[in-house]
Amino acid sequence: MGDVAMTVPVLRAFAQQSRSLGTEIKITVISRPFFKPFFEGIPNVSFFAFDEKNRHKGFVGLLRLFQDLNGLNIDAFADLHNVLRSKVVRTLFALSGIKTAQVDKGRAEKAALTRAENKIFKPVPTMFERHAKVFKELGFTVDLSSRSFGMTFPEKAVLSNDILQMLVGNEKIPDLWGIKIGIAPFAQYDSKVYPLDLMQQVIDQLAENPKNKILLFGGGKKEIELLESLSKDKNNVVVVAGQLNFRQELQLISNLDVMLSMDSGNAHIAAMLGVKVITLWGATHPFAGFSPFNQPLEHALVSDRNLFPKLPTSVYGNKIVEGYEDAMRTISVQSVVEKINAVVG
């Protein structure tokens with residue numbers, strides 16, 4: 001999900017900048033149907049649903065996908081994923097004479113950053129820069145240098161009645177329009193998850209301010225149970241997980257004043273919607289190129305490399321290094337709370 005979310009700011013910039021130059025470019029995004037809401041509202045962007053379970057299943061299905069796409073009179077194919085399926089489709093387009101380009105994931109640079117010995121500790125190009133380079137190879141310039149390039153983020157969504165009922169109708173949050181702080185405390189791998197006892201302290205301290213409205217995001221039965229325990233029935237803490245569908249969650253996230261997230265998809269979703277994001281990093285590090293879009297480096301709170309010099313130990317957090325289980329405990333509760341308070345001002 002995070003990989004898909006990271007394409008959104010680049011496509012939005014590409015579409016808006018092309019339109020400002022008087023160039024009408026039609027962009028067709030190919031992805032799973034679940035991700036369609038990510039791309040709604042971007043000018044000249046349409047969505048093509050990849051049917052992985054039926055029509056586009058297996059190699060024969062990829063041939064059908066190519067045939068389906070070929071009927072759209074595509075002039076160029078940008079592979080922003082560069083995995084086996086997209087490589088097959090890209091090759092078919094190339095063989096048919098269509099110009100193609102693919103993202104360079106920079107595996108060698110990332111390996112140098114995360115290896116234990118002879119580590120090269122410096123930032124590698126971000127995924128956003130890598131995506132923009134794909135379009136450059138196809139003959140298009142996408143400027144991601146600053147907000148001065150004219151890119152605008154989507155307006156905050158008008159919350160549906162269902163969302164308002166869930167929030168305002170809940171006695172725990174009688175006043176929706178305070179400072180809205182989203183917290184997404186989970187990630188795919190444990191090495192990227194801030195210890196829950198420390199997260200409890202963060203929530204408790206933030207909840208002491210009655211103006212703060214704290215919304216907890218997650219998914220799945222186990223995560224919902226943990227979020228319920230973190231909320232402790234506080235009046236201004238609400239567990240959003242399990243109460244809204246995906247499109248509604250996006251609407252709610254767009255109305256946040258800040259999102260506190262691990263190195264996870266929630267950070268990228270909030271950032272693509274123009275929300276300020278504070279991220280916490282354990283085994284991974286923003287230097288690997290996965291810092292959320294348009295967020296200053298000081299919004300990324302990282303574990304102490306003086307105490308844990310092998311950090312980052314992994315690009316994705318899936319590598320277990322003995323003795324590094326408590327690395328995230330070096331990110332103090334006070335530093336997290338102070339950063340949130342500073343951002344919402």
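1. Let me start with a helix pair: L196, M199, Q200 and I203 in helix 8 meet L226, S229 and L230 in helix 9. Sorted by class, the residues where helix 8 touches helix 9 are 5 nonpolar, 2 polar and no charged. Please keep in mind throughout that this is a predicted model.

2. How do helix 8 and helix 9 lie relative to each other, and at what angle do they pack? The angle is about 45°, and their axes are 9 Å apart. Angles of 65 to 115 degrees would count as roughly perpendicular and those under 35 as roughly parallel; helix 8 and helix 9 are therefore oblique to each other. Their crossing is right-handed.

3. Next, have a look at helix 2 (residues 7-20) and helix 6 (residues 127-137), which pack with their axes 9 Å apart and at an angle of about 45°. That angle makes helix 2 oblique to helix 6. Helix 2 passes helix 6 in a right-handed crossing. On the helix 2 side the contact is made by T7, P9, V10, L11 and F14, and on the helix 6 side by F128, H131, A132 and F135. The residues of this contact between helix 2 and helix 6 divide into 7 nonpolar, 2 polar and no charged.

4. Staying with helix 6, which of its residues are buried? They are M127, F128, R130, H131, A132, V134 and F135. What do these buried residues of helix 6 pack against? Their partners are helix 2, strand 3, strand 4 (99-102), helix 5 (107-114) and helix 11 (265-272). After helix 6 comes G139, with a positive phi near 100°.

5. Helix 2 also holds S18, and you may like to check its surroundings. With a relative accessible area of 8%, S18 is buried, the cut-off for that class being under 20%. If you leave aside neighbours within four places in sequence, S18 is in contact with T23 and I25.

6. On to charged pairs: the structure holds 12 salt bridges. One of them joins R90 to D79, with the closest N and O atoms 2.6 Å apart. This pair links distant parts of the chain, since R90 sits in helix 4 (residues 84-95) and D79 in strand 3 (residues 76-79), 11 residues apart. Are the two partners buried or exposed? R90 counts as buried at 13% relative accessibility, and D79 counts as buried at 2%.

7. D204 is worth a stop, as it appears in a salt bridge with K232 and in another with K234. For K232 and D204 the closest N and O atoms are 3.8 Å apart; the cut-off for a salt bridge is within 4 Å. K232 belongs to the loop between helix 9 (221-231) and strand 7 (237-239), while D204 belongs to helix 8 (residues 196-207), and the two are 28 residues apart. K232 is partly exposed, with a relative accessible area of 49%.

8. The side chains of D204 and K234 meet at 2.7 Å, N to O. D204 lies in helix 8 and K234 in the loop between helix 9 and strand 7, so this salt bridge ties together parts that are 30 residues apart in sequence. K234 counts as buried, at 18% relative accessibility. Elsewhere, salt bridges that share partners join R32, E52 and R85 into one network.

9. Now for some backbone details that you may want to inspect yourself. N44 is not a glycine, yet has a positive phi of about 65°. Where is N44 found? Look in the loop between strand 1 (27-31) and strand 2 (45-49). N44 is partly exposed, with a relative accessible area of 25%.

10. N82 has a positive phi too, of about 55°, although it is not a glycine. The place of N82 is in the loop between strand 3 and helix 4. At 14% relative accessibility, N82 counts as buried.

11. A last backbone point concerns a peptide bond. From L311 to P312 the bond is cis, with omega near -10°. P312 lies in the loop between strand 10 (300-302) and helix 12 (333-344).

Technical notes. Residues numbered from 1 in each chain as written. Predicted model: local features only at pLDDT ≥ 70, side-chain atom pairs only at ≥ 80, totals over all residues. Heavy atoms only, no water. Axes fitted to C-alpha atoms, helices over the stretch in contact; angles between N-to-C directions. Helix = DSSP H or I, 4+ residues; strand = E, 2+ residues; numbered from the N terminus. Parallel < 35°, antiparallel > 145°, perpendicular 65-115°, else oblique. Left-handed = near helix turned anticlockwise from the far one by under 90°. Contact = heavy atoms within 4.5 Å. Nonpolar A, V, L, I, M, F, W, Y, C, P; charged D, E, K, R; others polar. Buried < 20%, exposed > 50% of the residue type's maximum accessible area, 1.4 Å probe, protein only.
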